[in-house]
Amino acid sequence: MVLRFGPLDQQMGLSNPSEPLSFLERKVQIFTREDSFFIKIDIMDGDIFFGLGEQPSGLIRNRGRFSLYNSSSWDYNDVRQSIYSSFPFLLCIGESGCYGLLLNMPGKVNFDLGVEEYDKVIVSFAKSPFELFLFSGTPSEISERLTEITGRPFELPDWALGHQVSRFTYFPQSSVTEIIEDYTKEFPVSALYLDIDYMNGYRIFTWDRERFPDPEALLDFCSKRGIYIVPIIDPGVRADQGYDVFKKFIGNAIEDSEGNLYFDRVWPGTCIFPDFLRSSARQIWGDLIKSFYRPGMGGIWLDMSEPSMHRTRDAGGFGNNIDPAAVHTLDNGIKVRNSQVHNLYAYYEAMTTYEALKGVMDKPFILTRAGYPGIQKTCGHMDRR
């Protein structure tokens with residue numbers, strides 16, 4: 001069963017209440033209340049719930065509440081409801097049959113699995129266009145159907161299954177070569193990750209030439225030992241008139257509610273943020289990825305991709321998140337608030353990076369911190385706890 005209410009870039013409405021649907025002996029209701037949509041599904045005796053991506057809870061989701069809104073989780077703990085990624089897919093294994101629920105709505109989505117109402121799954125979210133997919137079958141059949149819709153996983157390069165080395169952080173260049181030499185005395189290493197300290201003042205797509213005076217020599221040193229380098233890249237672009245990357249994104253960055261550039265603080269200081277929902281911004285990013293790539297790099301590590309900010313609520317921020325009122329511009333000129341499309345930011349960043357790397361290497365490898373259904377087509381997802 002597929003229920004579509006959208007598409008995502010159009011205004012839409014729904015009568016209230018809708019006629020209940022019958023699905024695997026369960027009643028399904030979709031209705032509005034004030035400014036929100038609600039989906040209610042009966043919980044039957046023996047229903048066990050899984051899914052919703054990585055969550056700070058047990059594997060079984062029964063009697064839990066979860067809020068899906070990509071958020072930095074440096075303080076990971078078992079009472080958080082929102083963490084790095086959002087996967088609004090719920091799997092029910094029940095005595096009367098198994099089903100999967102996929103909700104395509106990239107804003108904040110709340111799942112209540114028998115807390116507010118003991119015998120109900122309640123999914124709620126702000127009024128917005130959405131698509132609801134309901135599948136029945138065995139768990140493997142449901143997984144197959146899910147990836148028919150969202151996409152099959154990308155093909156890993158062989159080296160990505162080997163032992164990889166990463167920490168915050170490896171520098172200067174001489175230390176990196178020493179670490180590799182020490183490691184390889186004991187066992188083989190397939191890749192080493194470079195965190196933000198390889199950059200010039202944390203400016204993305206740059207090298208600190210004091211810490212890393214000869215990146216090409218480092219890459220050659222590693223390549224001769226069968227080791228790939230995977231550098232980190234964040235979305236924050238330092239606001240600096242002397243920085244070419246900053247100038248490229250003027251006119252292609254997220255805006256504030258007044259139509260000005262949106263500024264916030266991340267590792268480099270005050271930054272702007274590419275608007276990956278625009279094809280023109282994706283083109284710029286892709287060109288930068290291709291020009292930054294050098295033989296010996298295995299791929300790219302995309303971090304801070306929620307996107308995350310350094311201003312907490314105490315410092316006038318939004319809990320390390322971007323302002324929900326920040327504005328994206330779609331290719332058709334429609335303006336949308338970040339809160340409406342927030343969980344798509346990492347998806348489009350990864351897609352753009354993957355497509356760019358496909359032009360310069362055989363099997364691109366990308367690791368992302370944040371995600372949304374479909375991101376598996378282009379990258380792997382790291383579990384940060």
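## Close-up views of a predicted structure

**View 1. S190, a buried loop residue.** With a relative accessible area of 9%, S190 is buried, because that value is under the 20% limit. Keep in mind as you look around that this is a predicted model. S190 sits in the loop that connects α2 (173–186) with β13 (191–194). Which residues does S190 touch, not counting those up to four places away in sequence? They are W159, G162, H163, Q164, G226, I227 and Y228.

**View 2. Strand β13 and its partner β12.** Just after that loop comes β13, at residues 191–194. In a regular strand, side chains alternate between the two faces of the sheet. Here A191 and Y193 point one way from β13, while L192 and L194 point the other way. Are these four residues buried or exposed? All of them are buried. Strand β12 (residues 164–165) runs parallel to β13, and two bridges join them. To find the pairing, look for V165, which stands opposite L192.

**View 3. The six-stranded sheet.** Strands β12 and β13 belong to an open sheet with the order β12-β13-β14-β18-β21-β22 and parallel pairing. Where does this sheet end? Its edge strands are β12 and β22 (380–381), each of which pairs on one side only. Further in, strand β14 (residues 228–233) pairs with β18 in the parallel sense over two bridges. In this pair, I232 stands opposite W301 of β18.

**View 4. The three-stranded sheet.** A smaller number of strands makes up this open sheet: three, in the order β15-β17-β16, with antiparallel pairing. Why is one side of β15 (237–238) and of β16 (264–266) left without a neighbour in the sheet? Both stand at the edges and have a single partner strand each, so there is nothing beside them on one side within the sheet. Strand β17 (residues 269–272) runs antiparallel to β15, and two bridges join the two. Look for V237, whose bridge partner in β17 is I272.

**View 5. A cavity inside the model.** Rolling a probe the size of a water molecule over the atoms shows where empty space is left. How many cavities of 30 Å³ or more does the structure hold? There is one. The largest cavity contains about 40 Å³ of space. Its lining is made of M199, Y202, I204, D234, G236, V266, W267 and P268. These residues divide into six nonpolar, one polar and one charged.

**View 6. L24 and its partners from elsewhere in the sequence.** L24 belongs to the loop between β2 (21–23) and β3 (26–33). L24 counts as partly exposed, because its relative accessible area of 26% falls between the limits of 20% and 50%. Follow the chain from L24 to S96 and you travel 72 residues, yet their C-alpha atoms are 7.0 Å apart in space. Setting aside neighbours within four places in sequence, the contacts of L24 are M44, S96, G97, C98, Y99 and S136.

**View 7. Unusual backbone geometry in the loops.** Most residues other than glycine have a negative phi, and most peptide bonds are trans. Which residues does a cis peptide bond join, with omega about 0°? They are F171 and P172, and P172 is located in the loop between β12 and α2. A second example to look at is the cis peptide bond between E306 and P307, where omega is about -5°. P307 belongs to the loop between β18 (299–302) and β19 (327–329). N320 lies in the loop between β18 and β19 too, and its phi is positive, near 70°. N320 is buried, with a relative accessible area of 11%. Another positive phi, near 65°, belongs to F205. F205 is found in the loop between β13 and α3 (215–223), and is buried with a relative accessible area of 13%.

**View 8. How confident is the prediction?** The protein chain has an average pLDDT of 91, and 92% of the residues score at least 70. Where does pLDDT stay under 50? That happens over residues 7–17, for which the model has 22 contacts beyond four places in sequence. Where pLDDT is low, the predicted coordinates should not be read in detail.

Notes:
Residues are numbered from 1 along each chain as its sequence is written. This is a predicted model: local features need pLDDT of at least 70, side-chain atom pairs count only at pLDDT 80 or more; totals for chains, interfaces and linings use all residues. Side-chain values use heavy atoms; hydrogens and water are left out. Two strands pair if DSSP finds at least two bridges between them. Buried means under 20% relative accessible area, exposed over 50%, partly exposed in between (1.4 Å probe, protein chains only). Contact means heavy atoms within 4.5 Å. pLDDT is the predictor's confidence in each residue, from 0 to 100. On a 1 Å grid over the protein atoms alone, a cavity is a set of points where a 1.4 Å probe fits but cannot get out, and a pocket is an open set with protein on both sides within 12 Å along at least five of seven lines; lining residues have an atom within 4 Å of a point. Grid points are joined across faces, edges and corners, and a volume is the space filled by probe spheres set on the points. Ala, Val, Leu, Ile, Met, Phe, Trp, Tyr, Cys and Pro count as nonpolar, Asp, Glu, Lys and Arg as charged, and the others, Gly among them, as polar.
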